[in-house]
Amino acid sequence: MKQKKLKNEKLIKNKKFKRKCIPSKILYNQKYSKPLKRKYRNEYDPKEEARLERIVFGDPSDIINNLPNDDSVKSNINKNNNDISMSNDLNNDLNIQTDICEEYSKTAAWIDEDDFHYSIQDAEKAQNRKVADDVPEKLYKDFLSNKYKLLVGNPKWAKLEKIDKESDDLDNEILKHSNHLEKPKIKNLSKNIIDIKALSPINKQTHMEGPIVSSVEFHPSSTVALVAGTSGILSLFQVDGIENNKLHTVQYKKFPISTAKFLRDGTEILIGSQYYGHCHSYNLISGKTYKMLLPHGITNMQKYEVSPDGKLLAICGRSGEIFLLTTSSKELISTLKMNARCRALAFTPDSNMLITHGDSNEMYIWDVNNRICIHRAIDDGCLSCASIAMSPNGQFLATGSKEGVVNVYNSKTVLQNQNPVPLKIVLNFVTSITSLKFNSYSEILAMASDKKHNAFKMMHLPSFTVFSNFPTFQTNISMPQAIDFSPGSGYLAISNKSNTAFLYRLKHYGNY
C-alpha cells in the first residue's frame, strides 16, 4: 500500500512539473531571443500605413491600367458636347431675361432657374394654402417681392444709384495734386459727454503775467496765443499742447492789464487797463509798442469789444455811455447812452448792430451805422447783467446775470419782441456770471464765474444739455477769469486768478 501511494505522488508531481515547464520553442522563436513587446496604438507601423493608403488612394499601378481607350474618349466627348449645347440654350434664355433687368436694376449675384418656372399655383400646392384670386402676378417670386415692398418698402441696398466713380476719383486726384485744400468734414458734436483732454498750461514757461491772468486769446490765423495779467506783462506763446514755447514778452510798468485783444487780422494787440486813461498798442510785425491817449470822456478800457469785421471798437463807460472808436486810428466816432451803467456788450456777426446790457433788466439794440437805439428787450428774471455773448452764426444770444442765471435766447426773438422768452435757463451757478463764450461752430457755450472755485460749465447746442464730464472732481481750474476757443475749436483756454492759463484739447474738432 505504501509503495502504491509513493508512485501516485510521483506521478502527480511529474504532471505538475510538465505543466509548469512549457518548452521554450512555443514562447520564443529562438532560444535566447528577447521577450515580445506589447504593441501600443500610437506606435508607428509603416506596413499598416501602406495598407491604408492603398485602400483610400488606390494602388499607383491602377492608374496606368485604368487609362481610357480611344473609343471611350470619343464617346465621352460626344456626351459632353450634347450637355454643353443644352446648357447654352438655358443660359441664353436666362441672359435675355437678365439683360432686360439690368437696364432697370442691379445685376443679381445669384439666379435660380426654378424661379422663372415656379408659379403661384405650384406654391399653393406645396404649402397647402390659398392665395387671393385677384393677384396679378403669375410667378411666385414676383408675388413675394411685391408683397415685401408693400410691407417694408424698397430698401436702400436695392435701389439703383448710378455714380460715376471715375469722375469722382479724377476730381479727388486733381485736388490732391493742386494747391487747393479740401474742407474738413466735421460731424455734429454729440451731447451729454465731451471728449476733452488736459494739456500743458499755455504759460508754463513763465507764470509771471500776474496773480490774476485777466486775458487769454488765440491768434485768428496762426497757432499763437497771448496771455496777459495784472503784473503788466504780455506774453506770446507757440501753441502745440506739449512745450508751448514762449515767443516774446513785453512788460508795461505800473500798468495792470485788464483786457488784451488782437486787432487788424492779428497784426496788432490792443492793451487796456481799468486804472488809466491811455492804452498801449503792440505791433507784431515791427515789434514796437505805442502809447496812445484815449479820447476825451473815456477814463479807462476795462471792458471793450472788437467788431467781427475788425473796423470798430466799443468801450463801456462809467455812466451808461458806449464809445465807438475806429480800430485804425483809435478816434472817437460816436457816443451812445443807456439809462443804466453798461456792463457788457456784443456785436452781431454782420457788425451792423450792437447789443448792450448793464445794471438793469433791459437789453439795448443799437444800429451801428445810424448810431440810434432801434429796440429794447427785457431780460427774463435778470436784475443786473454781468456778461453777454452772441453765437458766430447769429442764432443764439446768451446773457449772464449777477444772480448766477444764464439765459439763452433765439436772437430773432430778442431783436423783434419786447419780452422774449429764453430757450434755456441755466441754473448751475450761484455766483455772478463773469464770462460767456461761444465756439466758432456755435455748438458749445462756455460759462464761468470768477467768484467761486471751479465755477465753469459747457453747454451743448442746440440740445441745451450741460456736459456732465467736465469739470470733474479732480479738475483744478481755481477761479476762472477769461475763456477763449481757438479758431477751429480744437483748443480751449481758461485763465484763472492763480497765475495760470490752462489749455485743453477738444478732440472732436481739428488741431487748431
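In this predicted model, the largest cavity picks up lining residues from both domain 1 (202-297 + 479-511) and domain 2 (303-475), so it lies between them. Its volume comes to about 40 Å³. The lining consists of Leu-270, Cys-279, Leu-293, Leu-294, Pro-295, Met-301, Leu-313, Leu-325 and Lys-330. Sorted by character, that makes eight nonpolar residues, no polar ones and one charged.

How many cavities of 30 Å³ or more turn up by this rule? The count is two, and the second largest cavity holds about 30 Å³ of space. Around the second largest cavity sit Asp-379, Asp-380, Gly-381, Cys-382, Thr-399, Ser-401, Val-405 and Asn-407. Here the lining splits into two nonpolar, four polar and two charged residues.

Then there is a sheet to look at. Four strands make up this open sheet, with antiparallel pairing and the order 14-15-16-17. Strand 14 (342-347) and strand 17 (372-378) take the edge positions with a single partner strand each, so one side of each has no neighbour in the sheet. On average, and ignoring direction, neighbouring strands in this sheet are turned by 25 degrees against each other.

Zooming in on one pair, strand 15 (residues 353-358) and strand 16 (residues 362-367) run antiparallel and are joined by four bridges. Within this pairing, Ile-355 has Ile-365 of strand 16 standing opposite.

Methods
Residues numbered from 1 in each chain as written. Predicted model: local features only at pLDDT ≥ 70, side-chain atom pairs only at ≥ 80, totals over all residues. Heavy atoms only, no water. 1 Å grid on protein atoms, 1.4 Å probe; cavity = no way out; pocket = protein on both sides within 12 Å on 5 of 7 lines; lining within 4 Å. Points joined across faces, edges and corners; volume = space filled by probe spheres on them. Nonpolar A, V, L, I, M, F, W, Y, C, P; charged D, E, K, R; others polar. Domains from an automatic or database assignment. Pairing = 2+ DSSP bridges. Helix = DSSP H or I, 4+ residues; strand = E, 2+ residues; numbered from the N terminus. Axes fitted to C-alpha atoms, helices over the stretch in contact; angles between N-to-C directions.
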